Amino acid sequence: MTLGDLFDISFRTRRDKIALEWEGGEYTFGQIDDRAARMANLFVAKGLRPGDRVCVYLANSISYIDLFLAATRTGVLFVPVNVLYRDREIRHIAGDAEPAALITSPDLQQFAPETANVWLIDGLLAEAATQSAHFEPRVHDGDSPAAIVYTSGTTGTSKGAVLTHNNFVANAVNVTTCWAFSENDRLLLTLPLFHVHGLGNGLHAWLTSGCRMRLTERFQHDRAAHWMSEFQPTVFFGVPTMYVRMLEWPEAAGREIGARARLFVSGSAPLPAHVLEDFRRLYGHTILERYGMSETLMNISNPYVGERRAGSVGTPLPGVSVRILDFEGREVPNGDVGELYLKGPNLFAGYWRREDATREAHRDGWFRTGDIGVRSDDGYFTLQGRRSDLIISGGFNIYPREIEEFLAELPGVDEVAVAAVADKRRGEVPVAYLVSREPLDTERLEAACRAHLASFKVPRAFVAVDKLPRTALGKIQKHLLPAPSLD
Ligand code: MLC
């Protein structure tokens, strides 16, 4: 099935129902459908063909939805780009995806590579308005690719995970069914649409269930309490940082928001047990924690009905098979730790133009997640860390290697290691340890990082060390680096 077929259930049967609240306006499913058709016609008029790529480097907005739906209807591959990415990161994605166009807004245009064919969103919207609201979809095969989602790569640069219509459809059907979505739900979506959490869960659960969604440009912790009181969501999707922020709100607000909601879901980073407990006390809800990845969308989820176990991500979603293997590739018994391997209709088609990386990421047809975990006798999975030294900050993935490579290019830096340091709000933050012959000019280092890297990758501290602790084989032992005190 294609996403078009799935979403048509809402577009055809709920045409006059309010679908979306965006910046004070209300839009019906019929209006969303028409906007998408107009944008799809514009894509074709501008010469985009099935298989072409379009990079979308924009913050959340209604036009983001137009672009995504137009891509799914025309067979153009949608390549979302994190708005916090800067020149270095975007140059890599644009160079790898070779998009026919990069769609952005005037405030972000300065970071687009000079070689990119830049289309500004306001101009596109004006042109789309003159197009027909009828579009005959050009995608009929569920195995057609729908998007390329760039993941932070272990090698320092990110790889594009190719996700098909079938992948997204399987995920959407799973989350709407297993989390009991109905058209009466009210979903507050503050997550960025450039990641699969916001896109594959948020946007797709909305269109599949036919519920009402309020979209915001981003989660602003000082405004979100007001949005919740005003909109009265029944469902909220968040990363742990958002739930930590929600614990800072007045208790009365928490009680009121909790009384009107039916479900809070958390993912993209581990949810600390004390946050689950405090949230239950203040909001009266046990947050439902689940486990997913860009390459796989959602894999494992705590149940809607039944025990939501603290620290566990639950049991596999429909159609998803999970094996835990030891480092020799043997399946481990329940209770033993190993690496999680997956199979299922949600699994991506491979890394874009990276057959080598795709091969490396699979073993006998099973996808190697890189996550270490354990299964209990009653089938609940608990994640215990990563095989790599991935840092997750506010739900954004950071591979230290990318920051290390950038810092190592700066004058005066002889050696560098970047490691995670615990942070109350963001879970983890990166800290850089540098060996330098000169006194460290931390302001210069920070300014260089700010100019070229996404803000969440900028090390929170730059620590001068005489040498990096290494094993006899020369591997850096990051756990021996001194944790600085962060304010
Ligand atoms: C953060 N910033 C943003 C932004 N998020 N800017 C634009 N758009 C966004 N979406 C910037 C802020 O401007 C600020 O910049 C800095 O980041 C810190 O923001 P903050 O609001 O003060 O921080 P905080 O309260 O910690 O909240 C951050 C956050 C954000 C939780 C809102 O980190 C976030 O939206 N995270 C979601 C990540 C996500 O969706 N991950 C899913 C990956 S998919 P400055 O310049 O002032 O520092 C995946 C698979 C799966 O992992 O299983 O889901």
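Modeller: A salt bridge is counted where a side-chain nitrogen of Lys or Arg lies within 4 Å of a carboxyl oxygen of Asp or Glu. The model we apply this to is predicted.

Biologist: How many salt bridges does the structure hold?

Modeller: The structure has 37 salt bridges. One of them joins the side chains of arginine 15 and aspartate 33, at 2.8 Å from N to O. Arginine 15 sits in the loop between α1 (3–13) and β1 (18–22), while aspartate 33 belongs to helix α2 (residues 29–45), so this pair ties together parts 18 residues apart in sequence.

Biologist: Is aspartate 33 buried or exposed?

Modeller: The cut-off for buried is under 20% relative accessible area. Aspartate 33, at 14%, is therefore buried. Its partner, arginine 15, has 32% relative accessibility and counts as partly exposed.

Biologist: Which parts of the chain does the salt bridge between glutamate 248 and arginine 425 link?

Modeller: The closest N and O atoms of glutamate 248 and arginine 425 are 2.7 Å apart. The pair links distant parts of the chain, 177 residues apart: glutamate 248 lies in the loop between α9 (240–246) and α10 (251–260), and arginine 425 in the loop between β24 and β25. Glutamate 248 is partly exposed at 39% relative accessibility, and arginine 425 is partly exposed at 34%.

Biologist: What about glutamate 331 and arginine 323?

Modeller: Their side chains meet in a salt bridge with an N to O distance of 3.4 Å. Glutamate 331 has a relative accessible area of 44%, which makes it partly exposed; arginine 323 is also partly exposed, at 22%. Salt bridges can share partners as well: Glu21, Glu26, Arg212, Arg214 and Glu230 are joined in this way into one network.

Biologist: Into which domains is the protein chain divided, and how is their interface read?

Modeller: The division gives domain 1 (3–197) and domain 2 (390–480). Their centres, taken over C-alpha atoms, are separated by 33 Å. The contact involves 15 residues of domain 1 and 17 residues of domain 2. The size of an interface is often given as the accessible area lost when the parts come together. Between domain 1 and domain 2 about 1300 Å² is buried, with carbon and sulfur atoms giving 51% of that area. On the domain 1 side, Leu84, Arg88 and Ser152 supply 40% of the area buried against domain 2, more than any other three residues.

Biologist: How many salt bridges and polar contacts cross the interface of domain 1 and domain 2?

Modeller: Two salt bridges are found across it, along with four residue pairs in polar contact.

Biologist: Which buried residues does helix α14 have, and how are they arranged around its axis?

Modeller: In α14 (residues 442–452), Leu445, Ala448 and Cys449 are buried. Viewed down the helix axis, these residues fall within an arc of 95°, so they line one face of α14. Their cover includes α13 (400–408), β24 (413–423), β25 (427–436) and β26 (461–464).

Biologist: And for a single residue, what does serine 63 touch?

Modeller: Serine 63 is in helix α3 (residues 62–74) and is buried, with 7% relative accessible area. Leaving out residues up to four places away in sequence, serine 63 touches Arg35, Ile121 and Leu125. Within its own stretch of chain, the side chain of serine 63 makes a polar contact with the side chain of serine 61, at 2.7 Å.

How values were computed: Residues are numbered from 1 along each chain as its sequence is written. This is a predicted model: local features need pLDDT of at least 70, side-chain atom pairs count only at pLDDT 80 or more; totals for chains, interfaces and linings use all residues. Side-chain values use heavy atoms; hydrogens and water are left out. Buried means under 20% relative accessible area, exposed over 50%, partly exposed in between (1.4 Å probe, protein chains only). Helices (H or I, at least four residues) and strands (E, at least two) are DSSP runs, numbered from the N terminus. The arc is that of the directions from the helix axis to the C-beta atoms. Contact means heavy atoms within 4.5 Å. Domain bounds come from an automatic or database domain assignment. Buried area is the accessible area (1.4 Å probe) that two parts lose on being put together, summed over both. A polar contact is a pair of N or O atoms within 3.5 Å; within protein, one must be able to donate a hydrogen and the other to accept it, and residues adjacent in sequence count only if both atoms are side-chain atoms.
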